[in-house]
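This report looks at how the parts of one protein model are held together, beginning with a pair of charged residues and moving on to the nonpolar interior.

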Amino acid sequence: MIELLLAIAAAGSQASQPVNLSTITGATLAQECARDRGLALDPCVSYVLGVADALQLERRTCRPYSDAGTLQTVAIVRRYISEHPENWGWHASALVREPLLKAFPCPRSIR
C-alpha cells in the first residue's frame, strides 16, 4: 500500500510522465493486438475499448455508437500499433489514444 501511495505522489511531481499501474505495457499491448481474434473478448479488444470508452466519456473523441464503430475503433488501433513499432515503448493507453484522437475528433462545440 505504501508503494502505491509513493507512486501516486511521484506522479504528482512528474505530471509529464504517466505512472503505469497496469501490467499492460505498450509492448504487451502490441503483442496482444497482433493476434487478431475478431471482437472476441481478448486483452487487446478489452483494453482498446476501455480506453476508447474513457476518451468518449471525457468528450475527447466522438465515435459512432454502433457495431461498425466498435469494429472500426479496434481496427484503427491495431493498424496504428502495427505501423508504429517505434512507439511500443509508450504507455499502452497512449498507443490507443493517439490514433483515436485523430480518427474521431469531436466538433469544437461538444468539447
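Asp-42 has a relative accessibility of 4% and, since buried means under 20%, counts as buried. The model in which this value was computed is a predicted one. The partner of Asp-42 is Arg-78, with which Asp-42 forms a salt bridge whose closest N and O atoms are 3.7 Å apart. Because Arg-78 belongs to helix α4 while Asp-42 sits in the loop between α2 and α3, this pair ties together parts that are 36 residues apart in sequence. Arg-78, at 13% relative accessibility, likewise counts as buried.

**Salt bridges**

The structure holds 4 salt bridges, and three of them, including the one just described, are listed here with the N to O distance.

| Basic residue | Acidic residue | Closest N to O distance |
|---|---|---|
| Arg-78 | Asp-42 | 3.7 Å |
| Arg-63 | Asp-53 | 2.9 Å |
| Lys-102 | Glu-98 | 3.3 Å |

The side chains of Arg-63 and Asp-53 meet in a salt bridge. Arg-63 is found in the loop between α3 and α4 and Asp-53 in helix α3, so that this pair ties together parts that are 10 residues apart in sequence. Arg-63 is buried, with a relative accessible area of 9%, whereas Asp-53, at 41% relative accessibility, counts as partly exposed.

The salt bridge between Glu-98 and Lys-102 lies within a single element, for both residues belong to helix α5, where, being 4 residues apart, they are separated by about one helical turn. Glu-98 is partly exposed, its relative accessible area being 26%, and Lys-102 is exposed, with a relative accessible area of 61%.

**The nonpolar core**

In soluble globular proteins, nonpolar side chains tend to be buried together. The largest nonpolar core in this model has 22 residues, and the members that touch the most others are Leu-29, Tyr-47, Val-48, Ile-81, Val-96 and Leu-100. At least two residues of this core come from each of the helices α2 (26-34), α3 (43-57), α4 (67-83) and α5 (92-103). Of the contributors, α3 gives the most, with 8 residues.

Which residues does Leu-100 touch, when those up to four places away in sequence are not counted? The contacts of Leu-100 are with Ala-52, Leu-55, Thr-61, Thr-73, Ile-76 and Val-77.

Note on methods
Residues numbered from 1 in each chain as written. Predicted model: local features only at pLDDT ≥ 70, side-chain atom pairs only at ≥ 80, totals over all residues. Heavy atoms only, no water. Core = buried A, V, L, I, M, F, W, Y, C linked by side-chain atoms within 4.5 Å. Buried < 20%, exposed > 50% of the residue type's maximum accessible area, 1.4 Å probe, protein only. Contact = heavy atoms within 4.5 Å.
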